Amino acid sequence: MNSIYDKASNEAIIARINQLTSETQGLWGKMNVDQMFKHCIAAIDVAFGEKEVKVSLMMKILGRVAKNKVLNNEFLHNSPTAKEFVFIETYDFETSKKELIERFSRFSNEGTSAIKTMNHPFWGKMTYEDWDKLMWRHVDHHLRQFGV
């Protein structure tokens, strides 16, 4: 299985990121490629304890109930997104790409010590394996969204 902590797996994701251009079009969804970069960066920043997300009690309950199903399956197309992860502006492609690569690289460079929170605001209590699955599947999902 691929792992964010494994150097070769991590580099495979980065190679896919590097295949994207500012002209790459999504196969589904509303985001352009630079917005997708920012979206993925924000999700990773939650793991690093660098981004706070406000979640209602109802959504916390839903997240905890759905956690195992979501973490063990591919992400669905056009799933709802928390407002903290929605980016509607235009962002510098190269800067955003570089930021995503730097963030994603931290997982293999620092290992589990990169993870600073073990309680996800939506999914609840997380293990390092949960973070591995979530971060891998999330970034992979969006790279597939853009055909790489």
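The structure contains 12 salt bridges. The model is a predicted one. Three of these pairs are set out below, followed by a note on where their residues lie.

| Pair | Closest N to O distance |
|---|---|
| aspartate 140 and arginine 16 | 2.8 Å |
| arginine 103 and aspartate 45 | 2.7 Å |
| lysine 133 and glutamate 129 | 3.5 Å |

**Pairs between helices**

Aspartate 140 forms a salt bridge with arginine 16. Aspartate 140 belongs to helix α5 (residues 128-145) and arginine 16 to helix α1 (residues 7-19), so their contact ties together parts that are 124 residues apart in sequence. Aspartate 140 is buried, its relative accessible area being 17%. Arginine 16 is likewise buried, with a relative accessible area of 17%.

A salt bridge also joins the side chains of arginine 103 and aspartate 45. Here arginine 103 sits in helix α4 (residues 93-110) and aspartate 45 in helix α2 (residues 33-47), so the parts tied together are 58 residues apart in sequence. Aspartate 45 has a relative accessibility of 10% and counts as buried.

**A pair within one helix**

Lysine 133 and glutamate 129 meet through their side chains in a salt bridge. Both residues are in helix α5, 4 residues apart, which means that about one helical turn separates them. Lysine 133 is buried, at a relative accessible area of 13%.

**A shared network**

Which residues are joined into one network by salt bridges that share partners? They are Arg16, Glu74, Asp140 and Arg144.

Definitions and conventions:
Residues are numbered from 1 along each chain as its sequence is written. This is a predicted model: local features need pLDDT of at least 70, side-chain atom pairs count only at pLDDT 80 or more; totals for chains, interfaces and linings use all residues. Side-chain values use heavy atoms; hydrogens and water are left out. A salt bridge is a side-chain nitrogen of Lys or Arg within 4 Å of a carboxyl oxygen of Asp or Glu. Helices (H or I, at least four residues) and strands (E, at least two) are DSSP runs, numbered from the N terminus. Buried means under 20% relative accessible area, exposed over 50%, partly exposed in between (1.4 Å probe, protein chains only).
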